[in-house]
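Colleague: I am new to this structure and would like a close look at one part of it. Please take the metal site and what lies around it.

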Amino acid sequence: MARAGAIISSLFAEIEPLVRPGASTAELDRFVDDFVRSHRGAVPAFKGLYGFPASACVSVDEEVVHGIPSERMLREGEIVTIDIGVRRRSWCADSAYTFPVGEVGREAALLMKATYGALGAAVAAAMPGGHVGDIGAAVVEWVRPTGHAIFRDLVGHGIGRSIHEEPQVPNLGERGEGVRLEVGMVLAIEPMLGTGTHEIRTLSDDWTVVTADRSLSAHFEHTVAVTAEGPLVLTGGAIWGDAKRQDRESLPTRD
Ligand code: MG
Ligand code: MG
């Protein structure tokens, strides 16, 4: 699973310069498909999953998840989430990253920063002996001072030989509640935040989930193993280590 995860994290670093005004979301999807298949034994895990037609979910601005790549061209100031699953041999990894398209406004920058921080807080809560509710509680505590919305109808998940396994990993919760976290479990932890309502809608394509009020949303996701030493991120890499990337604006401070 770590090897599948490493493919995704290197992919994000490679695709970043392609996320620019004038690029189409279908171009990004083709890059994802080619990149993943260039690794022996690896295939894009989302293609055909429940009938999804592409290798990446590419979701722009008010699109929260499951955006279908198309000839739509990205414009300066938009934010675009690329969500990728990889199956290498029999094992899966799943990760998402929200990129700015050129220079983005303050609202979008703050949203990305808050969501990135929420992922960090959530990952840190994935401790052996803890509970799934600890992860949701960490997201809630992180997000409260930022004022952003949490899409309660969208959740993270267990992952392994399948992309989506038990347990569900909600982005809201209470400490000490839910499934107990055991060494060896692997979870896809994926806070999704918005600048407006927490309510979502699905478009008539039956895939694209948007915010009900068409406000902005962002989404960061890691595949995380619960180990005796604590959470181990399997989808980390250079792009994630560069905190300045999400530092274009400072958040309302937490510390
Ligand atoms: Mg994902
Ligand atoms: Mg996922």
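Modeller: What follows describes the metal site, then the nonpolar cores. The model is predicted. The magnesium ion (ligand 2) is coordinated by four residues: Asp94 through OD, His157 through NE2, and Glu190 and Glu221 through OE. The coordination distances are 2.1 to 2.3 Å. Along the chain, the donors of this magnesium ion (ligand 2) follow the spacing D-x62-H-x32-E-x30-E. Aspartate 94 also bridges to a second ion, the magnesium ion (ligand 1), and the two ions lie 3.2 Å apart. Aspartate 94 sits in strand S5 (residues 91–100), while glutamate 221 is in the loop between strand S13 (217–219) and strand S14 (222–227), so this pair ties together parts that are 127 residues apart in sequence. Aspartate 94 is buried, with a relative accessible area of 2%. Glutamate 221 is buried as well, and its relative accessible area is 0%.

Aspartate 94 also links the site to the nonpolar residues, through isoleucine 84. Leaving aside neighbours within four places in sequence, isoleucine 84 is in contact with Asp94 and with Ile8, Leu11, Phe12, Val32, Phe46, Ala56, Ala93 and Ser95. The largest nonpolar core has 59 residues, and those touching the most other members are Phe12, Ile82, Ile84, Phe99 and Ile135. Helix H3 (residues 106–124) gives the largest share of this core, 10 residues. Another core, of 13 residues, lies apart from it, with Ala45, Cys92, Trp207 and Ala225 among its members. In soluble globular proteins, nonpolar side chains tend to be buried together.

Key
Residues numbered from 1 in each chain as written. Chains lettered and ligands numbered in written order. Predicted model: local features only at pLDDT ≥ 70, side-chain atom pairs only at ≥ 80, totals over all residues. Heavy atoms only, no water. Core = buried A, V, L, I, M, F, W, Y, C linked by side-chain atoms within 4.5 Å. Buried < 20%, exposed > 50% of the residue type's maximum accessible area, 1.4 Å probe, protein only. Helix = DSSP H or I, 4+ residues; strand = E, 2+ residues; numbered from the N terminus. Contact = heavy atoms within 4.5 Å. Donors = N, O, S within 2.8 Å, 3.2 Å for Na, K, Ca; no water.
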